[in-house]
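Let's take a walk through this structure together, one piece at a time. Keep the 3D view open as you read.

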Amino acid sequence: MSTNQSIKPVTTKVNSSGRLEIGGCDLVTLAEKYGTPLYVIDEKTLRSICNDYKKSFSAYSKIKMMYASKALCTLATSKIIADEGFGFDVVSGGEMYTVYKSGVDMSKVLFNGNNKSYDELVLGLELGVGRISVDNFFELSLLNEIAKDKTVDILLRITPGIECHTHEYIQTGHLDSKFGFDLTQIDEAVELILNEYNNLNLRGLHAHIGSQIFETSVYGDEIEILVKEIARLNEKFGLNLDEINIGGGLGVKYTGADNPPSTDEIAKIIIERLNSAIEKYKINPPVLYIEPGRSIISTSGVTLYTIGSSKQVPKGTKYVAIDGGMADNPRPSMYGAEYSAQIANKPDETSTLQKVTIAGRFCESGDILIKNINLPNPEEGDILCVFNTGAYNYSMASNYNRVQKSAMVLVNNSQSDIIVNRETLEDLVSHDLIPNRLI
Ligand SMILES: *Cc1c(COP(=O)(O)O)cnc(C)c1O
């Protein structure tokens with residue numbers, strides 16, 4: 001079993017007051033102290049999944065662990081993940097700057113994305129990112145021009161043509177994708193790098209096939225394609241490419257219906273298929289990058305909400321409204337994502353279970369956080385704890401309805417520390433200006 005196979009943070013328990021606690025901190029006390037909605041990150045769970053990955057992949061000596069920071073990118077979490085020995089995959093100037101400010105060794109950072117701007121590429125070179133994953137022909141030429149007299153180590157992002165069974169919006173490796181070079185375009189890209197773009201130094205290939213993946217076989221197929229291409233390019237162009245980045249995508253357990261594989265299971269298939277492909281295509285063992293995002297951070301995070309109004313539709317649904325919703329967690333309204341939750345102040349009460357629908361506070365009918373969940377008589381003032389919100393919640397948060405973004409606390413050994421301040425009303429208007437002619 002690995003940490004991504006748990007719905008709740010590893011330190012979750014019901015304490016002697018009959019309330020939920022995580023990282024030794026009573027969740028009701030956290031809600032009182034910091035307000036709600038509140039993102040809570042459990043440091044033990046985060047370190048535990050990092051260790052699962054390291055252990056599972058230790059059988060391949062040339063492994064390099066990266067964290068895809070788009071899942072959650074803050075100074076404190078970056079620091080912990082760097083401390084666990086991970087590098088970082090970043091997809092914007094903002095993520096790059098955040099990991100830089102947290103003290104990350106920038107040579108362990110890969111800059112990826114399908115439309116990096118001129119300014120972002122300049123920043124990448126200034127901060128000294130270790131690799132840039134070039135996504136398309138336009139970017140090859142742009143990066144070569146920006147590099148001037150520097151040499152930039154690059155990977156080529158390719159589309160391996162693998163379909164994985166996940167939501168259409170989070171598939172990325174199928175043939176008709178907006179990401180990366182098609183397999184039939186690689187040779188042309190390599191020729192340009194070798195003959196025209198003298199500032200670019202090609203090191204290897206990069207792919208990413210999707211997210212919230214439960215199948216293990218797709219990783220085997222992906223690695224076979226990458227090794228085959230590396231061998232073919234080395235042979236055809238007399239190159240010595242020795243880096244393969246297979247992206248991320250391992251799933252997590254949002255509800256009891258989800259059965260993600262363990263890190264051991266995916267490591268086994270990846271390393272087995274890699275070793276056999278190395279033999280089959282006769283290449284030297286390459287550096288293998290793996291860059292999970294969701295499975296690193298999701299399980300360590302929960303969100304606390306305060307329950308407010310309720311509405312019983314006659315002969316219909318009972319709606320229970322919370323003080324957050326689609327602005328702090330857009331995943332249910334965006335792609336029908338499902339979550340598990342408990343009431344933190346009465347997690348064990350079973351005599352009063354009711355089927356309710358958790359409604360967000362935002363002005364959209366689609367702002368429903370959880371449909372048809374059994375909860376013990378949810379009442380005004382109860383604290384709802386939604387599990388597995390570490391990934392793609394805060395990182396996708398908005399200020400819709402001009403609501404301030406929530407605070408985030410880190411918990412460990414009964415201690416809680418604010419790692420992201422709650423936005424204030426002043427923050428909300430701080431970027432607004434009234435032109436003089438209106439005054
Ligand atoms: C999003 C992304 C990841 C991480 O995906 P998860 O499903 O969060 O693990 C890794 N690599 C690339 C290139 C990505 O775009």
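At roughly what angle do the axes of helix 5 and helix 6 cross? Bear in mind as you look that this is a predicted model. The answer is roughly 50 degrees, with the axes of helix 5 (residues 118-127) and helix 6 (residues 137-147) coming within 10 Å. Angles from 35 up to 65 degrees fall between roughly parallel and roughly perpendicular, so helix 5 and helix 6 are oblique to each other. Helix 5 goes past helix 6 in a right-handed crossing. On the helix 5 side, the contact is made by Tyr118, Leu121, Val122 and Leu125, and helix 6 brings Glu139, Leu142, Leu143, Ile146 and Ala147. Sort the residues of this contact by class and you get 8 nonpolar, no polar and 1 charged.

Now move along the chain to another pair of helices. Helix 7 (residues 186-195) and helix 8 (residues 217-237) have axes that come within 12 Å and cross at roughly 45 degrees. This pair is therefore oblique as well: helix 7 and helix 8 are oblique to each other. Helix 7 passes helix 8 in a right-handed crossing. Where they meet, helix 7 offers Ile186, Asp187, Val190, Glu191 and Leu194, while helix 8 offers Glu229, Arg232, Leu233, Lys236 and Phe237. By class, that contact has 5 nonpolar, no polar and 5 charged residues.

Stay with helix 8 for a moment. How far should its 21 residues span at 1.5 Å a residue? They should span 30 Å, and the end C-alpha atoms of helix 8 are 30 Å apart, which agrees. Just after helix 8 comes glycine 238, and its phi is positive, near 60 degrees.

On to the strands. Strands of a sheet pair through backbone hydrogen bonds, either parallel or antiparallel. Back toward the start of the numbering, 3 strands form an open sheet in the order 1-2-3, with antiparallel pairing. Strand 1 (13-14) and strand 3 (25-26) are the edge strands, each pairing on one side only. Strand 1 is joined to strand 2 (residues 20-22) by 2 bridges, and valine 14 stands opposite leucine 20 in strand 2.

Last stop: a hairpin further along. Strand 20 (residues 407-412) and strand 21 (residues 415-420) run antiparallel and are joined by 5 bridges. Methionine 408 stands opposite valine 420 in strand 21. The hairpin has 2 residues between its strands, and asparagine 413 takes a positive phi near 45 degrees there.

Terms used
Residues numbered from 1 in each chain as written. Predicted model: local features only at pLDDT ≥ 70, side-chain atom pairs only at ≥ 80, totals over all residues. Heavy atoms only, no water. Axes fitted to C-alpha atoms, helices over the stretch in contact; angles between N-to-C directions. Helix = DSSP H or I, 4+ residues; strand = E, 2+ residues; numbered from the N terminus. Parallel < 35°, antiparallel > 145°, perpendicular 65-115°, else oblique. Left-handed = near helix turned anticlockwise from the far one by under 90°. Contact = heavy atoms within 4.5 Å. Nonpolar A, V, L, I, M, F, W, Y, C, P; charged D, E, K, R; others polar. Expected span 1.5 Å × (residues − 1). Pairing = 2+ DSSP bridges.
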